[in-house]
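Please report on how the two protein chains pack together and how they meet the DNA. A short table of contacts would help.

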Number of protein chains: 2
Amino acid sequence: MTFEEFKQQHRFSMESICRDFYHANKNRLKIKKEEVVVRNLSNIVETTLAISIRKGFDAMSLRDLSRESGLSMGALYSYFASKEELLYLIQDFGQRTVKTHLEAELRDITSPLEKLRAFIRAHLYLSELMQQWFYFFFMETRAMDKQDRKRSIESELMTEKIVIEILQDGKAAQVFSIQDELLTAGAIKALMQDWYLKRWKFRQRNVNVDMYADYITGMIETSILDT
Amino acid sequence: MTFEEFKQQHRFSMESICRDFYHANKNRLKIKKEEVVVRNLSNIVETTLAISIRKGFDAMSLRDLSRESGLSMGALYSYFASKEELLYLIQDFGQRTVKTHLEAELRDITSPLEKLRAFIRAHLYLSELMQQWFYFFFMETRAMDKQDRKRSIESELMTEKIVIEILQDGKAAQVFSIQDELLTAGAIKALMQDWYLKRWKFRQRNVNVDMYADYITGMIETSILDT
DNA sequence: GTCTATAGCCGGATAGAC
DNA sequence: GTCTATCCGGCTATAGAC
């Protein structure tokens with residue numbers, strides 16, 4: 001699996017994510033025309049991510065968002081009831097999308113080693129396609145209210161739990177040699193996370209996602225494969 | 001070297017950092033009495049870090065800071081001229097402190113392997129003693145103005161550069177077997193960073209800094225030592 | 001559906017009493 | 001040195017015209 005192949009199989013865009021959102025929330029939305037909703041919502045979410053990544057969601061005023069998206073304050077408020085709801089909307093739909101695509105990629109793989117490799121690649125590739133979202137989740141978790149923050153942390157621990165289980169299976173099958181699955185899973189997570197937290201650095205150094213995937217899978221396998 | 005030993009050798013506290021700051025900025029400060037400055041400034045910085053870590057520096061109002069520190073708005077403004085200057089002050093003095101202690105720890109070590117081990121440990125131990133500061137730097141870099149952000153990024157790349165140089169020395173001395181020093185240094189940095197970014201997770205799992213240091217040095221050495 | 005205008009509030013900052 | 005009172009600008013949110 002390379003990034004190109006992954007991209008072909010998981011074709012999705014801001015528009016497709018927002019279209020899903022429209023269908024899931026048709027009744028709650030003030031605006032009724034699908035095309036209008038998809039166009040404006042894509043614009044709103046894209047612009048919000050861009051500004052938030054630059055200076056933080058809290059520091060972004062709705063006037064900023066209005067100016068950069070080209071929509072008036074009034075128009076913005078027909079897509080969400082409050083700034084807080086906008087945050088919720090992005091978090092909720094982003095994480096749903098991630099979950100769906102990750103699970104699709106892991107289905108039907110049983111061998112622990114193959115599963116670990118597939119998971120690392122799928123997660124890296126997803127975080128490449130949705131870099132802004134991943135970065136946003138990481139940075140804005142603490143800006144959320146208690147309830148949203150809890151869901152965000154659970155989502156973070158969930159991906160780690162998947163890794164822990166793969167490691168345990170591999171250990172039981174005597175494919176992996178691991179002393180502490182929790183520490184190992186944490187280290188794997190940290191290496192995957194670095195890809196979207198330091199995207200600018202890798203770009204500067206001309207490292208692409210396939211090179212990074214090869215590098216960290218090599219490093220991880222060296223440290224856990226029974227020899 | 002264990003964390004206990006490091007702590008003994010590098011005794012420092014919020015008070016000592018603020019006392020250094022007092023002596024360096026004596027002339028610029030409105031308040032003249034050393035003890036008053038040290039007491040209030042420690043309180044201000046400590047409280048700012050605590051609130052910012054909880055919800056972000058930008059989301060912290062000076063009224064929040066006033067309430068939680070017990071100082072009035074007027075009193076706060078006799079220690080800094082603006083909220084922006086408060087951010088600068090914390091960043092500047094924090095990074096100065098980190099730099100001083102890191103350099104002290106690396107002096108006199110020449111062997112690449114020993115140097116790498118010493119650096120990883122020193123950085124982890126420092127980030128344990130100054131966890132709030134490290135977390136703050138990472139999260140608030142983007143909230144800074146252009147100039148401060150530049151300094152912050154340089155400081156980040158500086159620590160990575162130290163690692164790159166150690167790796168190159170070790171490669172030249174045929175102690176390390178490394179294909180790509182930049183990727184390797186980045187991975188080491190990511191693993192070190194995880195300690196202060198996910199402090200809550202490690203606490204929950206009863207992992208202390210010495211255990212973590214042992215774990216990641218083991219993992220790193222497995223991946224780079226010539227055998 | 002989208003816009004403009006504005007209500008009402010909260011933030012950073014300061015003046016002047018003690 | 002520290003406090004309270006206050007200014008004013010910018011913020012979220014909404015009402016009502018088009």
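B:Glu160 and A:Arg205 form a salt bridge, with their closest N and O atoms 2.9 Å apart. A salt bridge here is a side-chain nitrogen of Lys or Arg within 4 Å of a carboxyl oxygen of Asp or Glu. The rule finds eight salt bridges across the interface of chain A and chain B. Over all chains, the count comes to 44.

This is a predicted model: local features need pLDDT of at least 70, side-chain atom pairs count only at pLDDT 80 or more, and totals for chains, interfaces and linings use all residues. Residues are numbered from 1 along each chain as its sequence is written, chains are lettered from A and ligands numbered from 1 in the order in which they are written, and side-chain values use heavy atoms, with hydrogens and water left out.

**Chain A against chain B**

The interface also holds twelve residue pairs in polar contact, both residues at pLDDT 80 or more. A polar contact is a pair of N or O atoms within 3.5 Å; within protein, one must be able to donate a hydrogen and the other to accept it, and residues adjacent in sequence count only if both atoms are side-chain atoms.

On the chain A side, H3, H8 (131-140), H9 (146-172), H10 (181-197), H11 (199-204) and H12 (209-224) each give two or more residues. Helices are DSSP runs of H or I, at least four residues long, numbered from the N terminus. H10(A) has the largest share, ten residues. By class, this side of chain A divides into 21 nonpolar, seven polar and eleven charged residues. Ala, Val, Leu, Ile, Met, Phe, Trp, Tyr, Cys and Pro count as nonpolar, Asp, Glu, Lys and Arg as charged, and the others, Gly among them, as polar.

Contact means heavy atoms within 4.5 Å. In those terms, 39 residues of chain A touch 39 residues of chain B. The buried area is about 3400 Å², with 64% from carbon and sulfur atoms. That is the accessible area (1.4 Å probe) that two parts lose on being put together, summed over both.

How are the copies related? A rotation of 180° with 0.0 Å of shift along its axis superposes chain A on chain B, at RMSD 0.0 Å. That is the relation of a two-fold axis. The same surface serves both copies, as 100% of the contact residues of chain A recur in chain B. The fit is by least squares on the C-alpha atoms of residues with pLDDT of at least 70 in both.

**The DNA strands**

A residue is near a strand if one of its heavy atoms lies within 4 Å of it. DNA strand C has 17 residues around it, and A:Lys32, A:Lys33, A:Ser72, B:Leu62 and B:Tyr77 come nearest. DNA strand D has 19, the closest being A:Leu62, A:Arg63, A:Tyr77, B:Lys32 and B:Lys33. Sugar and phosphate account for 62% of the atoms of DNA strand D within 4 Å of the protein. For DNA strand C, that share is 60%, and the rest belong to bases.

Some polar contacts with the DNA follow.

| Protein atom | DNA atom | Distance |
|---|---|---|
| A:Ser72 side chain, N or O | strand C, phosphate oxygen | 2.7 Å |
| B:Arg63 side chain, N or O | strand C, base oxygen | 2.8 Å |
| B:Lys83 backbone, N or O | strand C, phosphate oxygen | 2.9 Å |
| B:Lys32 backbone, polar atom | strand D, phosphate oxygen | 2.7 Å |
| B:Tyr79 side chain, polar atom | strand D, phosphate oxygen | 3.0 Å |

The surface near DNA strand D has nine nonpolar, five polar and five charged residues.
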